[in-house]
Structure formats: C-alpha cells, structure tokens
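Student: Please examine closely one loop and the strands around it, and then relate what you find to other parts of the chain. I should like every term given with its cut-offs.

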Amino acid sequence: MLVCHDGDSWLPEVLAALGDLTEKPRHVVAVDTGSTDRTAELLARARADRVVDNVLTMPRETPFGAAVAEALAHATKQWADPGRWLWLLHDDSAPEPECLERLLRAAEEDSAAALLGPLGLDWADPRLVVDAGLSTDAAGHRQTGIGPSELDPELVGETPPASAVLAVTTAGALVRRDVFEQLGGFDADLGGSADVDLGWRINLDGHGVRWVPGARMRHAAAKRGPQTGERADQVRTFLVNAPVWAFLLGLPRLFCLALLRMCGAAALRRWSEAGAEFAVLRGLLGGRLELLAGRASRAATIPVRHGVRGLFTSRPARLRNWARTSFEGLVRERVRRDLALGREPTGWLFKADPEAPRPDKPGRTGLVVVPVPDIGEPKPSPLKRDAIRRDLLLVPVDRWRVLRELVLTPPVVLTTLLVLFAFVTNGLIADRFGAGLQGGRMLPVADLATTWRDYLAAWHPVNGGTGAPASPSLLVLALLGTVLGGPSMVASVLLLFGAPLAGLSGYLATRALPVSRLRRAVAAGAYAVLPAASLSAGQGRLDVVVAHILVPLLLAGIVSVLGRSGGKWLGTACLTALGLAVLGAFAPLLHIAFIVLTLIAFVVLPSAGSRDRRRVAGLVAVALLSVACLLPWPAVLLHHPQMLLHGLGARITETPAGAWLLALSPDGSPASLVGALFALAAVAALGTAWSPRMLPGAAVAVFGWALAALVDNLAAEPITGGPSTTGWTGGPLMIAAAGCGWIVLVARKPRVPGKILLPVLVVGLLGLTTGAAFAAVGGPLRAQQTIAADLPGSLLVLDPGPQPARLVDGTAPRFGDDDLAPVGTAVDWLRRVDDDLQSGDPARTRAALAASAARGVGFLAVPDDSRLPAVAAGLVAEHERLPDGHRVLRLLLPNSPVELLGPDLARQAHTEPAPTPEARPLQVAAELPLFTVRMSEGGAGRALVLGAENEPGWYARIDGRTFPLATAWGHQVAIPLPESAAEVQVGYTEVPRTAFLGVQLAFVLFALVAAFPERRRAKPSST
C-alpha cells in the first residue's frame, strides 16, 4: 500500500525501487490523497506499466490511517485474500531491492513478530540513519534514539541483529493483516503518533514488533505542514494504552507538565511548542482527547494485556542519550573549529561522492560523525538541509579522547587553575573564607530579606532619612541571592572567585575569533590574573570585580550587535543591554563609557546597506534599554554626577596613580606594576605581528586608558560629604586590558622562534600570577561576622578619619548605605555634629548630643580613644561593642524617631536649630516612615516631630484630613496638632517609587524574554 500526498519529488524513485525488488508484492495499491502536483500523473503511468495494480483517489484531508483502511477494504473486495502481510509505504520511502525479502525472512524466523520495520536511511545522504525503531517515555514524547548524524552501521563493518522495539515508523512497515484487522487498524483519532500507537497495541496483544536493520530503505521523512496536534496525539497515545494506575497518575502529572512546558515555551518565544502544549491542556480539560472511549476500544480488542515495560525509554536512558548527544555535539563543534583553523583532525573521511574510494572500515565502537564543509554539486531535494551532500569525518573516540574533551580541554584546565589560585590566595594565605566579607570599600552585605526591603523601600532611615532610590546593585545581589544562598554569598563569590569568573568570561567572549582554544585560554588566563583586578578585589571594590568579569562579554556583545545581520539580533542586543545594566548597577561610569564606545563604533564602521536599520535598532536597544532597566537610578546620577567618579561602596580617599596607569596599575603599588607585562605583550604584538584586525583592540585599549586618566585627574566631594578625592581607575583599566588582550589574540603568527617565545610566555604568566597574589592578599578585605547589632535605636557612627559621621538605623553601616543620596541639609548637619562631638569642647559636645537625641539617635559608635564619655559625663554611658569591634556609647537623653513636643518646646523647635540638653520631649511608640497614633487632648501649639529630614514626600492626615507639615529644629519634619483628641496618620508616599519599580520591572522582563534564544524551524516545503 503506497500512500501519496504531493510526492512527485520522490515518487519516480519510489516507483522505480518497487520495480527493482527481488521479492515482489502480490498486489500494489496506491492511494492519492488529493495531490495537487504531478503525483496523479505519475501513478497513472505506473499503473499502465503494471508497477501499481490500482490507484485510489481520496480527499486531500484524508489521514494516513484512513487511506490505508480504504486501500485494505478495496484490496479485500477485489482479491478476497490480498495476502497475509501488508507492506506500508510512503511516497518518500524508496526500499532497496532486498528490503521486502529480508523483512519476510525475519518474519519467518520469528513467528511471534506481527510488525516489522526496516532501517531508514536519509534520502539525500544514505550514509545517515533516520529511522531505527520507535519508543516513548513517561510523558508521551516520541523517542527514536538517533543522534543528529547517526552513521549507517554497515559502513563501519557492523549490521546489528533484529531487535524488539515498541513500534516502528509506518514508512516500510510490514504488518500481519489478521492482527492489523483484529486490532481495528490505525486509530482514526491519531495523526503523527499512529505508528507508536499501533506498535504499542500489537505488543499489548502479545505479538512482537521487530526492527530489522538488514532491510534498508531511503526515507526523506518530509513534513509538509505544521504538526499542530502532534503533541496532543502523543499524550493521548500514552494515556489510552497505559495501565490503569499509570492512567490515573498520568492525568494530573501530564496536565501539570503541559502547563509548565507551555509557560516555558512562551517565555522562550517558541510559539509552536507553546501552542502544542496548549492543545494538550485543552484536550485534557475539554475531553477532546476522548480518553475513555479510546481505552474502551482497546479493552474490547485486547482482552488480555501483555507487558511492554522494557520497551519504553526510561529516564536513565534519556539521560544517557542526552549525555551522548551533548558530547558528540561538543566533538563536532571542536572538529569544525579545527578545520576552520586549517588543522587536520584524526579520523576516517567518507567522501560525498558515491564513486570515491571508501576508507577501511574502522569499526563502530567510539565514533562521532562530523559533517565537514560542503562540497559537490547540489542535488534536487525538497528539503533545504538535503540540498548539499557533505563529506563525513568519522572521529574515533576512546577514553583518552573523552578525558581530553571533557577534563583536559583548555577552558576546564583554565578554570581549574584559576579556582586553585583563588583558593590559595584568598583561603590559605589571606584567610578570607567565612560568613561574610567586609573591609576597604566593602561594607557588610545584609541578609536576603533586608536587601530586598532596602531596595524596594521608598524611604531609607540613613543619614537622617532620604527618599532617594537605592542602588540597583542591591537588586542584582537580591536576585542572585534568591537562588544562590543570599546576597552575602553572592558578594563573597564575586570577590573571592572573580579571577576564575573573569577567565571563563574572557574565554567565552573570544569564541568568534579565528584562533585556537589554547591561545584563547592563555589570553583569558592572563587577563584573569591582572594585578589591578586582584588588588581591587582585596580592597573590597565590588564594582571593579564586576567590571573585570563583564567587560570581555560586553565587548563581544557590542561587536555582535553592530555586525550581526541574522534574525537573532534582537536577542543579542537585549542580552548585551542586560549585561550593561548589571555593569551600570555597580560601575555607572563604565556603563556610560560602553554606551559612548558603542556610539563611536557605530559611527566609525562603514555603512552596511540594508543591515543599517537593524544596527540602529540594536544600538538603540543597547543604549536605551540598558538605562531603562536601571530606572530611576539614572536620575540620581544626573543630580549627583560625582557618583560616576567615586563609584559604589564605602567612603574612602583615593591616591592618584599618575603615569603608572600605562602599566595597568591603579595606584602605582609594586605588586600592581607587574600588570605592565600584559601591556608590553600588546605593544610587542603590535610591533612584531601587525595585522589590521588589531585596530579595534587598540582603539578599545586607548579608550580605556583615556578614561582612566580622566578619572585619575578629576576630584570631587562625595555625596555624603568629606574631603574631595579622585576616583579609582581599576574599572577603566579593565577596558584597557581587554583591548590589549584583543590585540594579542588577533596578532599574526610571531616571527620569534617557539623555543624563545614559550619561555617568555611562561615567565610572563608566572609574573602576572605572582603579582596578582601579592596584590590580593595585601588588601583589607577580611571575613567577619555580618551585621547583627540589633540596637534599639538609631546609631551615629563617628569615623576616626577625615570622613563625616554616618547615621544608620540601629545597626552598623551595610552595603548600599553610602550610595544613598542624602538630603543636602542632612550632610551639613552630620558634618557639624561630627565636628562638635570630636571637638573636646563640653558645651559643643552637649549641644551636639541634644541635637542627635532629637534625631532619634540612641547610640554612638566612637573610636577606641574617644574622650566623649569624659567630656559629656552624664549624657552617655558605655554599651556592648558591635560585632565588628566598634566601641558603642548609649545616649542617656530622651530619644525616639517620633517625639511629642509641648507648646513651649514646639515654639522653640520652630525657631531654634537644635534643642538644649535640658529639653524633655515625650517619646512616642512609633516607627518611621509609616505610623498611626491616637493623640489625647492637649495644649494649643503642640507638635509631633520626626527624626527625619523634611523633604517632599511626607504627608500627615489628622482624622482623615490632610494637614500641612512644618519644620522643626531647622530641618526635621513636624506635624502641628490640634487641641482636641485626634487620630494622626503619618507616612512617606510610595507612589513614585512603586511606579518606577513597575516600569523597571516591565523593561527587565522585556529584555529577559527577548534575550532568550528563539528556536527557529525551517519553513516546510510547499511540495
């Protein structure tokens, strides 16, 4: 039975193959299901030539099973006994001359066999296998066990014996007619899974299904339209044939699985897969799968069920298949790269030309088939992938090859060595492994809940309170910490293992360069152990560590966005924008620098004609989307540009590096000067192995050094006050170093002999590693306990150095506090209070303590040698030290974040800058920023005073009515109260912050969804 549907591309060869069979069928019935090409004409000619006995014509929408049933009914009516066996053929399946003979012989040798299938070979390239038996898994997925380039076993000197399988494809299937009729033929409600269903039912009925590799057939396996209901058919096949217990458990399990897969496919923009899973959900909920009717029909035709458990694809088998396919894909990719670099891989080459001599059969064990560059003339074929036949390289795989590809490959060795370097420097020498890291510019990182709260809050109780948005670095730490053990763990991993991450980043970023893996790994390793990066990590500069990791990937992303012309430009642009946003969250200056670098590259690169529109769209996505993902943080940078210079982290006074920047040293320290070796390597490459491909790398390096010089020479006062200082040049130097690495990688083969070059290379790498180790261990970063002070009031921290005091909420300062832009009056107040408290003057000290108490300060962290207890006797008392060792004093004056001032004190607060130590306001049990209190009757003019700066955003409602606010002590929020009893509600509006967070979330989700790779399938052939 030959079923045809628009098959004129294959049908002439199929009909010719029928004529060449050594064992002829007794009758041949062809069914044409409404073909619109030359299929009807070809079948009519075949009937005239007596290749086909009869030709039936059916409607175009007729499924395969219905066409077979009609052909069988016609044959039975015409010949009464058309034969014991039915042989099913597609119009794209051409059997070899001995195919039917070998199938019948296998059936005679195995009397239990009722369904047999041949080995299916690719139509255009018969060296590759496309059909070799079918199975299914517990989710109903069709399983073939065939890799992307499965070689014909006969070519490697092996023909497997016939084996039992769950099912075989209907193309070339030989089925016993009595069993086929007893089981009711194909399930009319199934389409693409009818073959699996038939084989399953035959096995359940106690007969055998066999795959016969000795019988061979060429099969195009063409799909001529979208298989919308195929997934629903797979689920139905499983549920109607499974045992009762598997059916009952499978219903909820497959429903949940389909729901999850639909959501995942939609997130990845794989709309056809999402639609297929939706069809499963609709079928399960709406009864369209007709499961009960299907199970009833099987119970009627199969009274005694036989076991089929060993014929399913188990989870371990799927895992093994995945591992094998992944390893084979890894070998293919690496062999292709070796071929592109002009290297000759070991293996056996099967030429595309069938007339070419064949190599000796190497044996099947341990072979990976690698299609090599296209050769030969294109051959007519309905499928794009069959248009060109390729040479096949058979790569031998033994244990040594597996070890070399999985363990001894350059990126694995590189990562292992760098992880070992991180363990030795940060663990054995510096002893930094612990609960948390702090020191230098690294303040302690809070727990997950606190980090989320700090980022989402509209108002922060830091330095007198501020409504400025928190740094998006908290968002990055919170997101990663949600899945990686907390923000503190994420920060520790970045600081301790920044070198391995940067090395892996550098290796991956150079994937598109036509250089060997070993060369890429050496360059990435040298970049990873830059002393400037290790020095920055040792000083707790998280912004430089993040830049060290992301700079190579971002450069590669920008190059790809400006040069890509394919359909994946949007995903690449959005992924690059997300990377830029992460970089901008920690190092905003580098974020702007990369946008400027992208604009320069866009202007300098020549016009690409029709691709210019995509380049412009990619440029807009990279520049604007990366900024939008950080909203409203960019507005803070516009108002406080000094944050671009100083970056994020604890306040510190920097030392300019001067000319040492040329040595990739941010401070001129001896250990960091070893970075000059990296720069000298680039200079040597420019001088001895010049290539025009070095120009982009040279431009990036010059840009990075220019930015570093700018940062090194500009000085500004930090947002929290203190002495003016320059910025740290570590971040810009990472850009310069990446440019130097680019130069070295694309350099031509040097004219220096290898016996000289290799020792120089080894010495240079050892020098960089040694310098990086000394730079890393000399920093102040240490493992200490995280913040856990739990003080019942605000804490005023007095710095022993030139930095002004900090005001935090009951705990030691934590990461992100110094990045909050304070209100201008708060900076002046903190500077004045700091000066007064450390002046040693009793009057000034007592006045400053009274002003601090009015702010709600309950504790003071002071240097160990502070004379404050003696100067302010009776106003402070010793308290337990903080976990980080700070000495703490408890303020004995009345203090609370919310205080009630009587009429006289309220009038004094309206006119005076601070209260006297004798003032005694009433403490109110309330916490900022949102509280509601019930006030009793009182005198006229009384007021509530908050320990917060009076800035836009505060509101007060008395008995539900909004009342205007006032100012107390020159800059604090005051709420005038009526004489009568009233309910007072005070808060800080969250509407703007919530709106910005919503906008930010929308942009981030858009970028994430667009960045996911979209799997594009080739459009089906019109034929």
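Tutor: D959 lies in the loop between β28 (954-958) and β29 (961-963); helices (H or I, at least four residues) and strands (E, at least two) are DSSP runs, numbered from the N terminus. The model is predicted, so local features need pLDDT of at least 70 and side-chain atom pairs count only at pLDDT 80 or more, whereas totals for chains, interfaces and linings use all residues. Residues are numbered from 1 along each chain as its sequence is written, and side-chain values use heavy atoms, with hydrogens and water left out.

The phi of D959 is positive, near 55 degrees, although the residue is not a glycine. Most residues other than glycine have a negative phi. D959 counts as partly exposed because its relative accessibility is 46% (buried means under 20% relative accessible area, exposed over 50%, partly exposed in between, with a 1.4 Å probe and protein chains only).

The two strands that flank this loop, β28 and β29, pair in the antiparallel sense over three bridges (two strands pair if DSSP finds at least two bridges between them). A956 has F963 in β29 as its bridge partner. Both strands belong to an open sheet of four, in the order β26-β32-β28-β29, with antiparallel pairing. β26 and β29 are the edge strands; each has a single partner strand, so one side of each is left without a neighbour in the sheet. On average, neighbouring strands of this sheet are turned by 30 degrees against each other, direction ignored (axes are lines fitted to C-alpha atoms, for helices over the stretch in contact, and angles run from 0 to 180 degrees between N-to-C directions).

The loop that leads into the edge strand β26 also deserves attention. P929 lies between β25 (922-923) and β26 (931-935), and the peptide bond from L928 to P929 is cis, with omega near 10 degrees. Most peptide bonds are trans. A cis bond also joins L631 and P632, with omega about 0 degrees; P632 is in the loop between α23 (612-628) and α24 (633-639).

A positive phi also occurs at R50, where it is about 65 degrees in a residue that is not a glycine. R50 sits in the loop between α2 (39-48) and β3 (54-58). Its relative accessible area is 76%, and R50 is therefore exposed.

A loop residue may also be covered. Q803, in the loop between β19 (794-797) and β20 (806-808), is buried because its relative accessible area is 5%. Not counting residues up to four places away in sequence, Q803 touches R651, I652, T653, G721, G722, P723 and D834 (contact means heavy atoms within 4.5 Å). With T653 there is a side-chain polar contact of 3.4 Å (a pair of N or O atoms within 3.5 Å; within protein, one must be able to donate a hydrogen and the other to accept it, and residues adjacent in sequence count only if both atoms are side-chain atoms).

β19, which precedes that loop, runs parallel to β21 and is joined to it by four bridges; V797 stands opposite A861 in β21. Strand β21 (residues 857-862) is mostly covered, with six of its six residues buried. With strand β23 (residues 887-891), β21 pairs in the antiparallel sense over four bridges, and F859 has R890 in β23 as its bridge partner.

Turning to the interior, the largest nonpolar core has 120 residues, and Y527, L542, V551, L583, F594, F678 and I735 have the most contacts inside it (such a core is a set of buried Ala, Val, Leu, Ile, Met, Phe, Trp, Tyr and Cys residues joined through side-chain atoms within 4.5 Å). Helix α20 (residues 542-563) supplies the largest share of this core, 13 residues. Leaving aside neighbours within four places in sequence, L542 is in contact with M442, A491, L494, L495, F586 and F815. Another core lies apart, with 59 residues that include V129, L166, V280 and V308.
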